[in-house]
Amino acid sequence: MDKQYQFAVKDLESQISDFHKKGITEFTLHDASVSKDKRQILKIINLFAQKAPDIYLNLLVDASAIDKEVVLAATQIFCSIDVPLECSNKGGKLLFDKKFYANKANLLNEYGLVFGFYLTYATAEGDSLKNFMDRLDFAVNQYPNHIDFPQTENLELEQTAKVSGIFSAKDIRYCRDVAFSCRTFYSAGRAVPWFLSALKPLRIYASRFFADFAEWQRCNNCDFKSGFTPEAENHKSIEKMQLLFLDEKYEEKGQHSLIPLVHDIVQINGVLSRLAGEGETAELETVWNPEELMSPEAMDLQAFAENICMEHCKTRFSLDEAGELNIEAL
């Protein structure tokens with residue numbers, strides 16, 4: 001089990017020099033007061049750049065503090081930026097500024113930064129099931145590396161969801177289950193490189209997809225109420241769940257012919273993810289050439305299946321001594 005250390009933000013500068021001695025390889029800083037203070041954010045990023053450039057930093061940053069200066073500074077370090085998606089209330093009406101958040105996400109994507117979103121439900125006046133599902137659809141379309149739902153991870157935060165005239169207890173449970181299914185399929189499943197591509201032939205919104213997967217989880221005893229913890233699972237186990245569910249959805253939508261391609265796309269990205277994250281060398285059999293599967297053309301599954309010839313391959317994926325990807329045909 002990983003050791004956890006806690007100390008005040010003001011003590012970070014004096015403590016950071018001891019990180020390596022303590023065996024710390026990843027550091028999470030989710031302080032609401034710091035997240036909105038651009039000066040503090042830049043100070044922390046520069047501190048890590050100077051004294052701990054090889055330690056992974058998970059940093060909570062309010063969207064209001066994200067600009068080109070902060071993004072450029074963050075490119076110096078090994079980090080993930082976590083951005084809360086928040087609503088405001090005006091005259092009893094809930095407002096969510098999609099353009100504002102899309103611009104911030106575009107900036108993060110432009111500079112190749114890893115980032116994720118924080119989503120909540122039934123905590124702001126005027127929120128509703130529809131509003132939450134709309135926020136979820138918006139979030140997925142920004143290509144975040146992960147989407148976190150604090151209310152599915154912490155009992156105290158779960159209780160912050162409040163019943164209202166437009167947000168029933170049943171709606172809250174529904175949102176919780178949809179959030180947990182996204183946490184499982186998208187975040188723990190490392191699905192960001194291929195999720196929107198796989199979703200397109202199904203012609204459904206991401207929120208509807210996750211709602212259906214929530215029902216699948218319930219039937220397979222791996223839903224929120226079962227006590228299942230997706231982050232504790234081996235990624236290969238999550239991948240098997242993804243493939244089983246995708247098979248069902250593609251059959252349901254009359255897209256059976258695309259199933260072999262979906263399997264190739266999901267599995268090759270899974271291999272690359274585990275190679276980068278766990279250093280796991282793997283051999284994989286595919287129906288299409290791996291080089292083609294890793295090309296931009298694979299973003300459109302229908303066009304890829306129609307225009308790229310099948311080429312059954314068996315391939316080994318590994319890292320060389322310099323940490324570069326090595327692809328070897330077997």
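## A walk through the predicted chain

Tyr 143 sits in the loop between H6 and strand S7 (146-148). This is a predicted model, and Tyr 143 is a good place to enter it. The residue has a positive phi of about 60°, although it is not a glycine. Its side is neither hidden nor fully open: Tyr 143 is partly exposed, with a relative accessible area of 36%.

On the other side of H6 lies a second case. Ala 122 belongs to the loop between strand S6 (114-118) and helix H6 (129-140). Here too phi is positive in a residue other than glycine, with a value near 60°. The surroundings of Ala 122 can be read from its relative accessible area of 5%, which means that it is buried. The cut-off for that label is under 20%.

Now step back to the whole chain. Its secondary structure comes to 14 helices and ten strands. How compact is the protein chain? Its radius of gyration is 21 Å, close to the 20 Å that the globule rule gives for 330 residues, so the chain is as compact as a globular protein of that length. Along the principal axes, the C-alpha atoms fill a box of roughly 55 × 55 × 35 Å.

The interior comes next. Of the 330 residues, 48% are buried. Contacts can also be sorted by distance along the sequence. Among contacts with a separation of 6 or more, 70% join residues 24 or more positions apart.

Then the surface. The accessible surface of the chain comes to about 17200 Å². Carbon and sulfur atoms account for 49% of that area. The chain carries 35 positive and 50 negative charges. The mean positions of these two sets are 7 Å apart.

Last, the cysteines. A disulfide is a covalent bond between the sulfur atoms of two cysteines. How many disulfides does the structure hold? The count is zero. Cys 219 is in no disulfide, and the nearest cysteine sulfur, that of Cys 222, is 9.6 Å away. A disulfide would need the two sulfur atoms within 2.5 Å. Cys 219 has 54% relative accessibility, so it counts as exposed.

Why is Cys 309 not bonded to Cys 313? The sulfur of Cys 313 is the closest cysteine sulfur to that of Cys 309, but the two are 12 Å apart, too far for a bond. Cys 309 also counts as exposed, because its relative accessibility is 65%.

Methods:
Residues are numbered from 1 along each chain as its sequence is written. This is a predicted model: local features need pLDDT of at least 70, side-chain atom pairs count only at pLDDT 80 or more; totals for chains, interfaces and linings use all residues. Side-chain values use heavy atoms; hydrogens and water are left out. Helices (H or I, at least four residues) and strands (E, at least two) are DSSP runs, numbered from the N terminus. The radius of gyration is taken over C-alpha atoms; the globule rule is 2.2 Å times the number of residues to the power 0.38. Buried means under 20% relative accessible area, exposed over 50%, partly exposed in between (1.4 Å probe, protein chains only). Contact means heavy atoms within 4.5 Å. Accessible areas come from the Shrake-Rupley method with a 1.4 Å probe; for residues, only the protein chains shown count as cover. Lys and Arg count as positive and Asp and Glu as negative; His and the chain ends are not counted. The place of a charge is taken as NZ of Lys, CZ of Arg, CG of Asp or CD of Glu.
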